[in-house]
Amino acid sequence: MSPIFTTILIILIVLAILDLIVGVSNDAVNFLNSALGTKIAPVKTILLVASLGILLGVVTSNGMMEVARNGVFHPGMFSFSEIMFLFVGMMMADVILLNTFNSLGLPTSTTVSLVFELLGAATAVALYKVSNDPNVFLSDMGKYINSGKALVIISGILISVVLSFVSGSLFMYISRILFSFRYKKIFTRFGALWCGISLVGIIYFALIKGLKSSGLVSAESYQFINENVLIILLACWVVLSGLLYALQCMKFNILKFTILSGTFALALAFAGNDLVNFIGVPIAGIESYMLAMNSGSETMLMSELTKPAHVNLYILVGAGMVMIITLFFSRSAMKVADTQINLSSQNAEDERFGSSSPSRIIVRIAISANNIYKAILPNCVRENIEKRFSPLSEEERGSVAYDNIRAVVNLTVASILICIGTSLKLPLSTTYVVFMVAMGSSLADRAWGRDSAVYRITGVMIVISGWFITALAGFLLSVTVTYLLMLGSWVALVSLVVLCGYVLCYNLLFKSDKENDDDAPLITAGSDDVDALYSCTQYVCKTMEEVTDIYGHMLVALFTENRRVLKDMVDESESIFRLARKRKYSVLTTLKALQEQKIETAHFYVQVVDYLSEVSKALLHCTRPAYEHINNNHKGLSKEQIADLKMVNDQVDVIFSRINAMMRNKDFSDLDEIMQMRESLFNTIAECIKNQVKRIKTEDTSTKANMLYLNILNETKNMVLQSRNLLKSQAYFLNQIHTYPD
């Protein structure tokens, strides 16, 4: 056996572990969000329940492994050497792609990436054969690609998107009509029956349908279950409903039990359906390696891969343990989970996504359709429906993203749909199903109000477009990587391994997650005047010092045309602006915390946050045009313009230094002096603008440079103006309290 194939085998095993880690980080959102969104139990309890589901789910995943072996290509048309390059190329592309999406905090589909990366890798090998073998023609490509099966898989994925959204909307609407948001009274009567239906659906699809492929029961036992399935399900419903009612009479929270059961079932369905996405290809590679070793030929055709897969139970359990460990320790998993919770939340969130023209059009159409619906429906019917959808107040709702009724619907519908796909051996995308069920239930539950609809529709469109990007990027990346491996052999293999290692190390080790600390709320439960004052003052002082440093470095880099430093300044100023804007748009939440603590300085906090946002925006409007000017290789500033800006910078530096010192020392006795310095700076800026107008008339100057120069002067003026207003508000803020911790 050639050493390169032994090396590839080792790489496949390592990539399988990495793919499990990266894949679970991406897909944990699929089974955690309902429990996390309702805060039904402590996070560790939720993770423990999901872990048990994963362990049982991996045992039922055997039947799905065939997708990686012969789902999208005909293995009998590829030799052992070709199939090994195909597998390792696909796995390298997969790890890079999923890791990129995780770092962006966007959920994507591991199933789509598997299908299209395998398709891309098989296409690359087939193209290589066409270009190097005179007996193989481009018209023969159909012999290598299992286009029929691939089309069935892709169609199943696309249909599941529509079916999931419609099912989530329908079941949520019916459930809300039955129970309303104030469901406690009526739930004591019918809740056990409703939860019993959910549990029966979960048990049927998650357990009974999974038994066939698990090998845990004999064929005779499974046939008996299948023949008497209706009687068994009815008996399960009666027994479970009775048990749940008894528990309810004992003051036990059966919704909590149902949600945790649904989390267990969804984790089971995820592991059963999606494990192939992570280890299916490496296992096929191991089997191919063993077949070639036994035959002693590296040119043998891999027709054996068309036979049913039988994966060792210990391998499946080992994969499950890796998934569980990742679940407990992955930060990326929680980052991806935040996206779906934000988009389906019942609360007024700091919207993560902006608006877009398509989303605005959709909202306008929906409003028009709703007006027609109101006009047609009788008033009495409409009023009764409106009562069922009357939302809870913030005090009643608390901090949860949505209530337990919606969580049960999300879990039950998603579990059933995924397990149907698993029983039919269709690798449905769990991400697609869970996400679209959650979006459908959010829409039916009226979580998307007029204040949030455009932003959330934009978010959904971004996530869905990300899925299509996954397909295209996965295909192209896999084609490129696999073709390079076929061409370069050892050299390409080593180079690509180094590249993959760099990408993984950069994202996992070197890419700091600074926003965790910065995003912490300034005002929290239990804050008093002194705590609120201290937090706000520290934040303002830190930000102003950063603004001073960035502005000075930006001008120096612009004078010397240092593109790298300018790029760094843009990144830092964007980070400051994002955080300041987030503080500004979450001000209502902070004000409620201030009011709860009877803090009387809330109006000053509003002013401070607003002025700081304006300062950071003015800074960004200086750094970004400066970087774009140099990055586009435009002509630099003239000597006269540089001299003027140096003079302005000297005055700005003095003003900012005094402002920062006054804030740090809490001494605002020289506030009037800052006003005089500001007026002097404004006079200097006005003189610089006059000089520039004269130069434009008398000299042949660069239009781009002139526009940049005037923009920096204007934004500098805005930045200093807002800084002085900030200082004044901060002084008032500080003067409200006489005791302050040193």
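Colleague: How many salt bridges does the count come to?

Modeller: The count comes to 11 salt bridges. Bear in mind that this is a predicted model.

Colleague: What makes Arg176 and Asp445 a salt bridge?

Modeller: Their closest N and O atoms are 2.6 Å apart, and the cut-off is within 4 Å, so the pair qualifies. Arg176 sits in helix α8 and Asp445 in the loop between α19 and α20, so the bridge ties together parts 269 residues apart in sequence. Both residues are buried. Arg406 joins Arg176 and Asp445 in a network of salt bridges.

Colleague: And Asp644 with Arg695, why are those two called buried?

Modeller: Buried means under 20% relative accessible area. Asp644 has 10%, so that residue is buried, and Arg695 has 9%, so the label fits there too. Their closest N and O atoms are 3.2 Å apart in a salt bridge.

Colleague: Then Glu679 and Arg678: which is buried and which is partly exposed?

Modeller: Arg678 is at 10%, so it counts as buried. Glu679 is at 34%, between the 20% and 50% cut-offs, so it is partly exposed. Their side chains meet in a salt bridge, 2.8 Å from N to O.

Colleague: What makes Ile13 fit a nonpolar surface patch?

Modeller: A patch residue needs over 30% relative accessible area, and Ile13 has 40%, so it clears that cut-off. Ile13 is in helix α1. Ile17, Ile21, Ile286, Met290 and Met293 complete the patch, which covers about 480 Å².

Colleague: Which helix gives the second largest pocket the largest share of its lining?

Modeller: That's α15, with 9 residues. The lining has 20 residues, and by class they are 12 nonpolar, 4 polar and 4 charged.

Conventions: Residues are numbered from 1 along each chain as its sequence is written. This is a predicted model: local features need pLDDT of at least 70, side-chain atom pairs count only at pLDDT 80 or more; totals for chains, interfaces and linings use all residues. Side-chain values use heavy atoms; hydrogens and water are left out. On a 1 Å grid over the protein atoms alone, a cavity is a set of points where a 1.4 Å probe fits but cannot get out, and a pocket is an open set with protein on both sides within 12 Å along at least five of seven lines; lining residues have an atom within 4 Å of a point. Helices (H or I, at least four residues) and strands (E, at least two) are DSSP runs, numbered from the N terminus. Ala, Val, Leu, Ile, Met, Phe, Trp, Tyr, Cys and Pro count as nonpolar, Asp, Glu, Lys and Arg as charged, and the others, Gly among them, as polar. Patches are made of residues with over 30% relative accessible area and no salt bridge: like charges are joined within 9 Å, nonpolar side chains (Val, Leu, Ile, Met, Phe, Trp, Tyr) within 5 Å. Accessible areas come from the Shrake-Rupley method with a 1.4 Å probe; for residues, only the protein chains shown count as cover. Buried means under 20% relative accessible area, exposed over 50%, partly exposed in between (1.4 Å probe, protein chains only).
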